[in-house]
Amino acid sequence: MGAAFFGWLSANGLAIILLAILSAAGVAFGLTQVSSADQATDQATQQADTIGIAGGITLLVVLFLVYLAGGYVAGRMARFDGVKQGIAVWVIGLLVIIALAVLGAVLGAQYNVLSQLNLPSIPISGDALTTGGIIAGIAALLVTLLGAILGGKLGTRYHRKIDRAGYDA
């Protein structure tokens with residue numbers, strides 16, 4: 001369980017780094033610069049499909065790489081249980097997300113720090129995003145599970161190579 005926990009921690013660290021790089025790239029390419037609220041609404045409405053698909057694919061790639069690295073760390077630390085440790089990294093991540101969602105539902109908007117920051121939001125109705133959100137959530141679950149399992153297998157593979165080299169000597 002310790003290997004899976006440290007795999008999960010390394011996955012979170014990599015997620016922070018990769019998402020910061022993506023945010024900086026968005027600013028560098030001018031994706032966040034608009035002159036007025038009306039212009040932002042028009043742009044979001046006209047390019048909703050393109051922005052949503054490109055952002056979704058980018059997020060899925062980041063999630064895959066993050067859980068691949070987390071599974072690799074856990075598999076490398078556990079030596080022989082790479083797949084099991086990769087799945088454990090994924091389960092820990094899932095449990096943390098569920099716990100945060102429950103806390104958010106129980107505590108409500110009073111402790112919602114993001115709502116108090118007046119960050120820009122997508123000017124599209126929540127009903128239109130529901131189906132896309134469900135599909136994106138399922139895709140994220142599957143991609144992260146695949147990345148964690150593959151990472152765990154890769155981490156175990158390292159030790160198998162070392163063990164074979166030791167027997168040949």
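These are my notebook entries on a predicted model of one protein chain.

**Entry 1: the overall fold**

I began with the secondary structure and found five helices and zero strands. Reading from the N terminus, I noted the order α-α-α-α-α. Next I checked burial: of the 169 residues in the chain, 20% are buried. I also looked at how contacts spread along the sequence. Taking those between residues at least 6 apart, I found that 85% join residues at least 24 apart. For the surface, I wrote down about 11400 Å² exposed by the chain, with carbon and sulfur atoms supplying 70% of that area.

**Entry 2: Leu65**

I then picked Leu65, which sits in helix α3, residues 48-78. Is Leu65 buried or exposed? Neither label fits: its relative accessible area is 37%, and because that value falls between the 20% and 50% cut-offs, Leu65 is partly exposed. Which residues does Leu65 touch, once neighbours within four places in sequence are set aside? I found Leu14 and Leu18 in contact with Leu65. I also looked up Ala11, which is 54 residues from Leu65 in sequence, yet their C-alpha atoms are 8.5 Å apart in space.

**Entry 3: the salt bridge**

How many salt bridges does a search of the whole structure find? My answer is one. The side chains of Lys84 and Asp81 form a salt bridge, at 3.9 Å from N to O. I checked the accessibility of both partners. Lys84 counts as exposed because its relative accessibility, 55%, is over 50%. Asp81 has 35% relative accessibility and counts as partly exposed.

**Entry 4: a nonpolar patch**

Back on the surface, I came across a nonpolar patch whose members include Val83, Ile87, Val91, Leu95 and Ile98. Leu100, Val102, Leu103, Val106 and Leu107 also belong to this patch. Together the residues of the patch have about 850 Å² of accessible area. I followed up on Leu107, which lies in helix α4, residues 82-107. Leu107 is partly exposed, with 41% relative accessibility. That value is over 30%, so Leu107 passes the accessibility cut-off for a patch.

**Entry 5: a positive patch**

Where does positive charge gather on the surface? I found a patch made up of Arg157, Arg160, Lys161 and Arg164. I placed one of these residues, Arg164, in helix α5, which covers residues 126-168.

Terms used: Residues numbered from 1 in each chain as written. Predicted model: local features only at pLDDT ≥ 70, side-chain atom pairs only at ≥ 80, totals over all residues. Heavy atoms only, no water. Helix = DSSP H or I, 4+ residues; strand = E, 2+ residues; numbered from the N terminus. Buried < 20%, exposed > 50% of the residue type's maximum accessible area, 1.4 Å probe, protein only. Contact = heavy atoms within 4.5 Å. Salt bridge = Lys/Arg side-chain N within 4 Å of Asp/Glu carboxyl O. Patch = residues over 30% accessible without salt bridge, like charges linked within 9 Å, V, L, I, M, F, W, Y side chains within 5 Å. Areas by Shrake-Rupley, 256 points an atom, 1.4 Å probe, with all protein chains shown as cover. Lys, Arg positive; Asp, Glu negative; His and termini not counted. Charge placed at Lys NZ, Arg CZ, Asp CG, Glu CD.
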